[in-house]
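Colleague: I should like to learn how to read a structure that is new to me. May we go through it feature by feature?

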Amino acid sequence: MGFFGSGFAVSRLYIAATHLLCVDILFFSERCKRYHFENIEALWYTPTKSWHFFTVFWALVAIPGALGLFIPDIAARVIFGIWVIIAIGFLVINITRGPSCRCHIRTAAHIDELPSINRLALAERFFTRVGPLIEAAQADVATMAEAPPLVAADGPDTTRPAQE
C-alpha cells in the first residue's frame with residue numbers, strides 16, 4: 001500500500017469453511033487474497049513496540065494542552081481543553097485496544113502480512129478460532145497422502161507363476 005496509502009486502506013479478513021479471504025480496500029480498488037487451510041504452512045504473530053510509542057506520544061501531546069488550561073484567556077482555555085480531550089481520547093483508545101502486533105501467514109508460494117490482525121488479543125482469538133480449522137483441513141490431506149501406491153497396468157503380472 002505504501003506510506004501514503006496506509007492511512008486510507010481498510011483490510012478485512014473473512015473466515016470461510018475451507019479458506020481465509022483477505023480483502024484490502026484502497027480508495028476504489030480492492031485486492032483479494034485467498035489462503036486455503038491445507039496450503040498454510042505457518043501462521044504467527046510478533047509483538048511490536050508501536051503500542052508503547054503511541055501511548056507515550058499521546059501522553060506527551062496531552063501535557064502542553066493541560067498546561068494551557070491555566071492561561072487566563074478563556075478562548076485559549078477552550079482551545080487547550082479541546083486539545084486535551086482529543087489527546088486523552090486517543091490515549092484511552094490506544095490503551096484499551098491493548099498491545100500491538102504483526103501477524104504473518106506462510107504458504108508454499110510466499111509470506112504475507114495480515115494487516116487486519118494488529119492487536120495481541122485479536123491475534124490470540126483469531127488463532128484459537130482458525131487453528132482447529134487448519135489442523136482439520138491438513139489432517140484430511142495427510143490421510144489422502146497415505147493411500148497405497150497404484151499398480152502399473154502395463155507391467156508384468158507377478159501374482160501368477162510363469163507358465164511353460
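**Salt bridges and the sheet**

Modeller: Let us begin with one contact: the side chains of D112 and K33 form a salt bridge, with 3.5 Å from N to O. The two residues come from distant parts of the chain, since D112 belongs to strand β6 and K33 to strand β3 (residues 29-36), 79 residues apart. Please keep in mind that this is a predicted model.

Colleague: What is the general idea behind such a pair?

Modeller: Side chains of opposite charge can pair when their charged atoms come close. In this case D112 counts as buried, because its relative accessibility is 12% and buried means under 20%. K33, with a relative accessible area of 26%, is partly exposed.

Colleague: How many salt bridges does a search of the whole structure find?

Modeller: The search finds four. Among them is the one between R106 and E41, whose side chains meet at 3.4 Å, N to O. R106 lies in strand β5 and E41 in strand β4, so this pair ties together parts that are 65 residues apart in sequence. R106 is partly exposed, with a relative accessible area of 34%, and E41 is also partly exposed, at 47%.

Colleague: Which residue meets R31 in a salt bridge?

Modeller: The partner of R31 is D24, and the distance from N to O is 3.0 Å. R31 is partly exposed, with a relative accessible area of 39%, whereas D24 counts as buried, at 8% relative accessibility.

Colleague: Strands have now been mentioned several times. In what order do the three strands of the open sheet stand?

Modeller: The order is β4-β5-β6, and the pairing is antiparallel. β4 (40-47) and β6 (111-114) stand at the edges with a single partner strand each, so one side of each is left without a neighbour in the sheet. On average, neighbouring strands of this sheet are turned by 25° against each other, direction ignored.

Colleague: How many bridges join β4 to β5, and how many join β5 to β6?

Modeller: Seven bridges join β4 to β5, and four join β5 (residues 101-107) to β6. A hairpin of three residues leads from β5 to β6.

Colleague: Which residues stand opposite I105 in the neighbouring strands?

Modeller: On one side, L43 stands opposite I105; in β6, the bridge partner of I105 is D112. D112 is thus a residue that we have met before, as the salt-bridge partner of K33. A further pair across the sheet is H104 with E113 in β6.

Colleague: How should I read the two faces of a strand?

Modeller: In a regular strand the side chains alternate between the two faces of the sheet. For β6, the covered face holds D112 and L114, and the uncovered one holds I111 and E113.

Colleague: Is β5 mostly covered or mostly uncovered?

Modeller: β5 is mostly covered, with five of its seven residues buried.

Colleague: Let us turn to the surface. Which residues make the nonpolar patch?

Modeller: V56, L60, I63, L67, L69 and F70 make a nonpolar surface patch of about 630 Å². One of these residues, F70, lies in the loop between α2 (50-68) and α3 (74-97).

Colleague: Why does F70 count as exposed?

Modeller: F70 has 70% relative accessibility, and exposed means over 50%, so F70 passes that cut-off.

Colleague: How may the protein be summarised as a whole?

Modeller: One may begin with its secondary structure, which comes to four helices and six strands. Read along the sequence, these follow the pattern α-β-β-β-β-α-α-β-β-α. One may then consider burial and surface: of the 164 residues in the protein, 27% are buried, and the accessible surface comes to about 11,900 Å², of which 66% belongs to carbon and sulfur atoms.

Colleague: And what of contacts between parts that are separated along the chain?

Modeller: Among contacts between residues at least 6 apart in sequence, 50% join residues at least 24 apart. The pair of D112 and K33, 79 residues apart, links distant parts of the chain.

Definitions and conventions:
Residues numbered from 1 in each chain as written. Predicted model: local features only at pLDDT ≥ 70, side-chain atom pairs only at ≥ 80, totals over all residues. Heavy atoms only, no water. Pairing = 2+ DSSP bridges. Axes fitted to C-alpha atoms, helices over the stretch in contact; angles between N-to-C directions. Patch = residues over 30% accessible without salt bridge, like charges linked within 9 Å, V, L, I, M, F, W, Y side chains within 5 Å. Areas by Shrake-Rupley, 256 points an atom, 1.4 Å probe, with all protein chains shown as cover. Buried < 20%, exposed > 50% of the residue type's maximum accessible area, 1.4 Å probe, protein only. Contact = heavy atoms within 4.5 Å.
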